[in-house]
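Welcome, and thanks for taking a look at this one. Here is a short tour of the model, from single residues to pairs, patches and pockets.

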Amino acid sequence: TGSEAKGRGRAAAEFRIRLEEAGDNLTRVVTQSDVTLTGSVAQYGRGQGVMKAVADEIIARFAKNLAQEIAGEGVEGKPLSAAGVLWGAGKRMLKKE
């Protein structure tokens, strides 16, 4: 959950992750997210596309870290930065256009 610095909007997100058996030695990771936007950020038409790209970027980073952890490679202990997630989301959006 977060608020825009000037208090004109809020965003809240809930991510759910479920593991399912997918065959011999395979596991499927199923993710679902719910994002709620209020205020000025919810009024912009491109807001939904940006939020989807940000959510996709967060899930992609989670998946990469999970794969590294399962492979025994370890995971970097640094937290996500807003700038890094937005940069990755921007690249993701440009690839789709």
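## A loop residue to start with

N25 is exposed, at 83% relative accessible area, since that value is over the 50% cut-off. This is a predicted model, so please read each value below as computed from it. N25 sits in the loop that joins β2 (9-21) to β3. The backbone is worth a look here: N25 is not a glycine, yet has a positive phi of about 60 degrees. For context, most residues other than glycine have a negative phi.

## The overall layout

How many helices and strands does the chain have? There are three helices and three strands, and from the N terminus their order is β-β-β-α-α-α. The chain has 97 residues, and 11% of them are buried.

## Salt bridges

The structure holds five salt bridges. As a general reminder, side chains of opposite charge can pair when their charged atoms come close. Three of the five pairs are described here, with the N to O distance for each.

| Pair | Distance (N to O) |
|---|---|
| R16 and E14 | 2.6 Å |
| D34 and R16 | 2.5 Å |
| R61 and E57 | 2.8 Å |

Which residues are linked in a network of salt bridges? E14, R16 and D34 are. R16 takes part in the pair with E14 and also in the pair with D34. D34 lies in strand β3 and R16 in strand β2, so their salt bridge ties together parts that are 18 residues apart in sequence. The members of the network can be compared with the cut-offs for burial, where partly exposed runs between 20% and 50%. R16 has a relative accessible area of 30% and is therefore partly exposed. E14, at 44%, counts as partly exposed, and D34, at 38%, counts as partly exposed too.

The pair R61 and E57 has another setting. Both residues lie in helix α2 (residues 47-70), four residues apart, which is about one turn of the helix. Is each partner buried or partly exposed? E57 is buried because its relative accessible area of 9% is under 20%, whereas R61, at 28%, counts as partly exposed.

## Contacts across the sequence

Some residues of helix α2 can be placed against S33 by their C-alpha atoms. K52 is in helix α2 and counts as partly exposed at 47% relative accessibility. K52 and S33 are 19 residues apart in sequence, with 9.7 Å from C-alpha to C-alpha. D56 also lies in helix α2, and its relative accessible area of 22% makes it partly exposed. D56 and S33 are 23 residues apart in sequence, and their C-alpha atoms are 9.7 Å apart.

A further pair involves strand β2, where R10 lies. How far apart in space are R10 and G39, C-alpha to C-alpha? The distance is 6.5 Å, for two residues that are 29 apart in sequence. R10 counts as partly exposed, with 42% relative accessibility.

## A nonpolar patch

On the surface, I17, L19, V29 and F62 form a nonpolar patch, and together they have about 340 Å² of accessible area. V29 is found in strand β3 (residues 27-39). Why can V29 belong to a surface patch? V29 has 35% relative accessibility, so it passes the requirement of over 30% that patch residues must meet. By the burial cut-offs, V29 counts as partly exposed.

## The second largest pocket

Let us finish with a pocket. The second largest pocket has a volume of about 390 Å³. It is lined by 14 residues, of which R61, K64, N65, K78 and L80 are the closest to its centre. What is the make-up of the lining? The lining residues divide into six nonpolar, three polar and five charged.

R61 links this pocket back to the salt bridges: R61 is one of the residues closest to the pocket's centre, and its side chain meets that of E57 in a salt bridge. With 28% relative accessibility, R61 counts as partly exposed.

Terms used:
Residues are numbered from 1 along each chain as its sequence is written. This is a predicted model: local features need pLDDT of at least 70, side-chain atom pairs count only at pLDDT 80 or more; totals for chains, interfaces and linings use all residues. Side-chain values use heavy atoms; hydrogens and water are left out. On a 1 Å grid over the protein atoms alone, a cavity is a set of points where a 1.4 Å probe fits but cannot get out, and a pocket is an open set with protein on both sides within 12 Å along at least five of seven lines; lining residues have an atom within 4 Å of a point. Grid points are joined across faces, edges and corners, and a volume is the space filled by probe spheres set on the points. Ala, Val, Leu, Ile, Met, Phe, Trp, Tyr, Cys and Pro count as nonpolar, Asp, Glu, Lys and Arg as charged, and the others, Gly among them, as polar. Patches are made of residues with over 30% relative accessible area and no salt bridge: like charges are joined within 9 Å, nonpolar side chains (Val, Leu, Ile, Met, Phe, Trp, Tyr) within 5 Å. Accessible areas come from the Shrake-Rupley method with a 1.4 Å probe; for residues, only the protein chains shown count as cover. A salt bridge is a side-chain nitrogen of Lys or Arg within 4 Å of a carboxyl oxygen of Asp or Glu. Helices (H or I, at least four residues) and strands (E, at least two) are DSSP runs, numbered from the N terminus. Buried means under 20% relative accessible area, exposed over 50%, partly exposed in between (1.4 Å probe, protein chains only).
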